[in-house]
Amino acid sequence: MNVTMLPFGNAKLSPSGALTCQHGPEECLANSYEQCLIDVYPSFDTYFPFYECMESNIDSGWTIKKQASECAASTGLDLARIEACVFDKARSAALQKKFRNMTPSTHK
């Protein structure tokens, strides 16, 4: 089975590069963590447990950064490597564009 995760959802990326997410800035940040996770750890078997952990804790009341920290700890992935991507504006913007272009709902 071939699975492609597309953490972009119902976000909108304007021609100027401004990003808005249906559920606000925290959703945009969560998308960025998940996009960077996939970029840093491209193997599905490696990234999916972290991805699943993030999605399972979305209503936990934790901040996205706390969720990422907990999920990295529980899966043994390097949070610093993921966050180096998340907080690199150029890299995270490029990933937003990449995942937007891969998301079928953005091509209506």
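1. Ala72 is found in helix α3 of this model, which is predicted rather than experimentally determined. At 5% relative accessibility, Ala72 counts as buried, because the cut-off for that class is under 20%. Leaving out residues up to four places away in sequence, the partners that Ala72 touches are Phe50, Leu77 and Leu79. Of these, Phe50 stands 22 residues from Ala72 in sequence, and the C-alpha atoms of the two are 6.5 Å apart.

2. The packing of helix α1 (residues 25-40) against helix α5 (residues 89-102) deserves a point of its own. The two helices pack at an angle of about 90°, and their axes are 10 Å apart. That angle makes α1 roughly perpendicular to α5, since values from 65 to 115 degrees fall in that class. By class, the contact of α1 with α5 has 6 nonpolar, 5 polar and 2 charged residues.

3. Which residues make up this contact between α1 and α5? On the α1 side they are Cys28, Asn31, Ser32, Gln35, Cys36, Ile38, Asp39 and Val40. On the α5 side they are Arg91, Ser92, Leu95, Gln96 and Phe99.

4. Two serines of this contact can be examined in turn. Ser32 is placed in helix α1 and, at 6% relative accessibility, counts as buried. Its contacts, leaving aside neighbours within four places in sequence, are with Val86, Ser92 and Gln96. Ser92 has its place in helix α5 and is buried too, with a relative accessible area of 12%. With residues up to four places away in sequence not counted, Ser92 touches Ser32, Gln35, Cys85 and Val86. Ser32 and Ser92 thus appear in each other's contact lists, and Val86 is named in both.

5. The length of α1 can be checked against the expected rise. At 1.5 Å a residue, the 16 residues of α1 should span 22 Å. The end C-alpha atoms of the helix are 22 Å apart, which agrees with that expectation.

6. Is α1 mostly covered or mostly uncovered? Helix α1 is mostly covered, with 12 of its 16 residues buried. The buried residues are Glu27, Cys28, Ala30, Asn31, Ser32, Tyr33, Glu34, Gln35, Cys36, Leu37, Ile38 and Val40. The elements that cover them include β2 (19-20), α2 (44-56), α3 (64-75), α4 (79-86) and α5.

7. The loop that follows α1 offers a contrast in accessibility. Pro42 lies in the loop between α1 and α2. At 63% relative accessibility, Pro42 counts as exposed, because that class begins over 50%. Pro42 and Lys89 are 47 residues apart in sequence, and their C-alpha atoms lie 20 Å apart in space.

8. Aromatic rings merit separate comment. The count of aromatic pairs in the model comes to 5. One of them joins Phe48 and Tyr51, whose ring centres are 6.3 Å apart and whose planes differ by 15°, a stacked arrangement. The pair is classed as stacked because planes under 30 degrees apart count as such. Ring pairs also link Phe44, Tyr47, Phe48 and Tyr51 into a cluster.

9. The setting of the stacked pair is within a single helix. Phe48 and Tyr51 both lie in helix α2, 3 residues apart, which is about one turn of the helix. How do their accessibilities compare with the class limits? At 26% relative accessibility, Phe48 counts as partly exposed, whereas Tyr51, with a relative accessible area of 9%, is buried. The two fall into separate classes because buried means under 20% relative accessible area, and partly exposed covers values between that limit and 50%.

10. A further point concerns the N-terminal part of the chain. Ala11 lies in the segment before β1 (12-13), and at 4% relative accessibility it counts as buried. Leaving aside neighbours within four places in sequence, Ala11 is in contact with Leu19, Thr20 and Cys21. Among these partners, Cys21 is 10 residues from Ala11 in sequence, with 4.2 Å between the two C-alpha atoms.

Technical notes. Residues numbered from 1 in each chain as written. Predicted model: local features only at pLDDT ≥ 70, side-chain atom pairs only at ≥ 80, totals over all residues. Heavy atoms only, no water. Axes fitted to C-alpha atoms, helices over the stretch in contact; angles between N-to-C directions. Helix = DSSP H or I, 4+ residues; strand = E, 2+ residues; numbered from the N terminus. Parallel < 35°, antiparallel > 145°, perpendicular 65-115°, else oblique. Contact = heavy atoms within 4.5 Å. Nonpolar A, V, L, I, M, F, W, Y, C, P; charged D, E, K, R; others polar. Expected span 1.5 Å × (residues − 1). Buried < 20%, exposed > 50% of the residue type's maximum accessible area, 1.4 Å probe, protein only. Phe/Tyr/Trp six-rings, centres within 6.5 Å; stacked < 30°, edge-to-face > 60°.
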